[in-house]
Amino acid sequence: MAILEVSDLKQYFYLQPTFLGKLVGGKKPRIIKAVDGMSFSMEPGEILGLAGESGCGKSTCCLAIAKLREPTGGAIRYKERNIAEMSKEEIRNYRSEVQLIFQDPYESLNPRYTVFDTVAEPLRALTDKNKTEVRDRALETIAMAGLQPEEYKNRYPHQMSGGERQRVGIAQALVLEPNLVIADEPLSMLDVSIRAGILDLIRDLSERMNFSCIYVSHDLSILSNISERLMIMYLGRIMELGVTKEVISEPLHPYAQALIAAVPIPDPAYQRPIPKIKGEVAQPIDPPPGCRFQTRCLQVMEICHDTEPPLKEVKPGHAVACHLY
Ligand SMILES: Nc1ncnc2c1ncn2[C@@H]1O[C@H](COP(=O)(O)OP(=O)(O)O)[C@@H](O)[C@H]1O
Ligand SMILES: [Mg+2]
């Protein structure tokens with residue numbers, strides 16, 4: 001049974017026209033289609049990588065799954081229950097089973113909370129544990145995140161480094177032993193030198209605690225390292241989805257091919273192929289009909305201008321949204 005099933009998820013934002021815009025373009029609001037018809041599912045214990053350029057809708061997708069924003073359309077099912085139709089009690093349960101690790105631990109941590117309070121808070125809010133149980137569980141989780149509890153428990157966010165703060169963010173997300181963790185670029189605000197340590201921590205904990213994880217990154221070398229399956233997004237849509245090794249070694253979509261060709265390879269003798277792509281990332285505002293990638297694709301065909309390619313399985317477990325297949 002899938003732990004998570006996302007079908008035709010859509011999240012639109014409506015931009016009111018500016019004064020100048022009204023003069024030249026009329027009064028119609030413009031639509032940002034941040035997520036526009038995403039469908040995928042996840043098995044329990046799986047780590048699913050989500051890749052794509054900045055602005056393609058990765059965080060928007062995460063917020064909808066975490067039920068922090070109501071989607072415009074589509075359905076998200078967790079353990080076969082539609083999260084939009086959950087009762088108060090089920091939502092409370094969902095909030096404890098599904099956790100988000102944020103990109104910027106400085107913004108997501110309450111500056112007035114000590115490390116102990118930050119990690120204990122979800123236990124107080126969502127469980128019936130007594131004071132001693134809360135204390136023990138919080139200190140144990142702080143230690144699990146790689147921080148000495150006695151040294152750190154009374155510190156405030158401003159008294160720690162970025163890496164230490166992200167460890168607190170991880171402890172806060174894991175203290176309730178979630179079933180599904182959504183990690184939205186958890187390393188991107190951190191110094192390169194400490195990224196490996198945090199990545200190892202997340203991987204190690206995912207094995208020990210056996211949670212499913214959506215791991216978001218624009219960095220394919222990280223995803224090739226941590227995720228079992230890989231999903232590549234472009235302007236609100238899934239372009240390719242398959243086993244990470246296969247997607248990296250044999251990408252099918254022209255966009256995936258370009259993205260993977262741009263990953264640095266630590267071998268000076270290796271001749272880097274020229275990325276097969278043109279132009280720059282477009283905006284998801286009022287996207288044209290047809291394939292969203294048509295303006296940058298060097299293999300664009302007639303059909304790409306008017307028919308949006310659906311995501312379809314072309315090899316077992318490997319799906320692509322492209323008219324070439
Ligand atoms: N609250 C919002 N209001 C309007 N536009 C938004 C909002 N949130 C995100 N967007 C737009 O939606 C698109 C996707 O954003 P986001 O999901 O943050 O991308 P990513 O995480 O992949 O960088 C972007 O064009 C962004 O500007
Ligand atoms: Mg983001």
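## Strands and their partners

Two strands count as paired if DSSP finds at least two bridges between them. With that in hand, let's look at this predicted model, starting with strand E1.

E1 covers residues 4-15 and runs antiparallel to strand E4, residues 73-78, with 5 bridges joining the two. If you would like a landmark for this pairing, find Val6, which stands opposite Ile76 in E4.

E1 also pairs with strand E2, residues 30-42, again in the antiparallel sense, and here there are 10 bridges. A handy landmark for this pairing is Glu5, which has Ser41 of E2 opposite. E1 therefore meets the two-bridge criterion with E4 as well as with E2.

## Around ligand 1

Now to the ligand. There are 13 residues around ligand 1, and those that come nearest are Gly55, Gly57, Lys58, Ser59 and Thr60. By character, the shell holds 5 nonpolar, 5 polar and 3 charged residues.

Several backbone atoms approach oxygen atoms of the ligand. For Gly55, a backbone N or O atom lies 2.6 Å from a ligand 1 oxygen. For Cys56, the distance from a backbone N or O atom to an oxygen of ligand 1 is 3.3 Å, and a polar backbone atom of Gly57 is 3.1 Å from a ligand 1 oxygen. Taken alone, ligand 1 exposes 560 Å², of which the protein buries 67%.

## Which elements line the shell

Two elements give two or more residues to the shell around ligand 1: E2 and helix H2 (58-65). The largest share comes from H2, with 3 residues. E2 is thus worth a second look, as it pairs with E1 and also contributes to the ligand 1 shell.

Terms used: Residues are numbered from 1 along each chain as its sequence is written. Chains are lettered from A and ligands numbered from 1 in the order in which they are written. This is a predicted model: local features need pLDDT of at least 70, side-chain atom pairs count only at pLDDT 80 or more; totals for chains, interfaces and linings use all residues. Side-chain values use heavy atoms; hydrogens and water are left out. Helices (H or I, at least four residues) and strands (E, at least two) are DSSP runs, numbered from the N terminus. A residue is near a molecule or strand if one of its heavy atoms lies within 4 Å of it. A polar contact is a pair of N or O atoms within 3.5 Å; within protein, one must be able to donate a hydrogen and the other to accept it, and residues adjacent in sequence count only if both atoms are side-chain atoms. Accessible areas come from the Shrake-Rupley method with a 1.4 Å probe; for residues, only the protein chains shown count as cover. Ala, Val, Leu, Ile, Met, Phe, Trp, Tyr, Cys and Pro count as nonpolar, Asp, Glu, Lys and Arg as charged, and the others, Gly among them, as polar.
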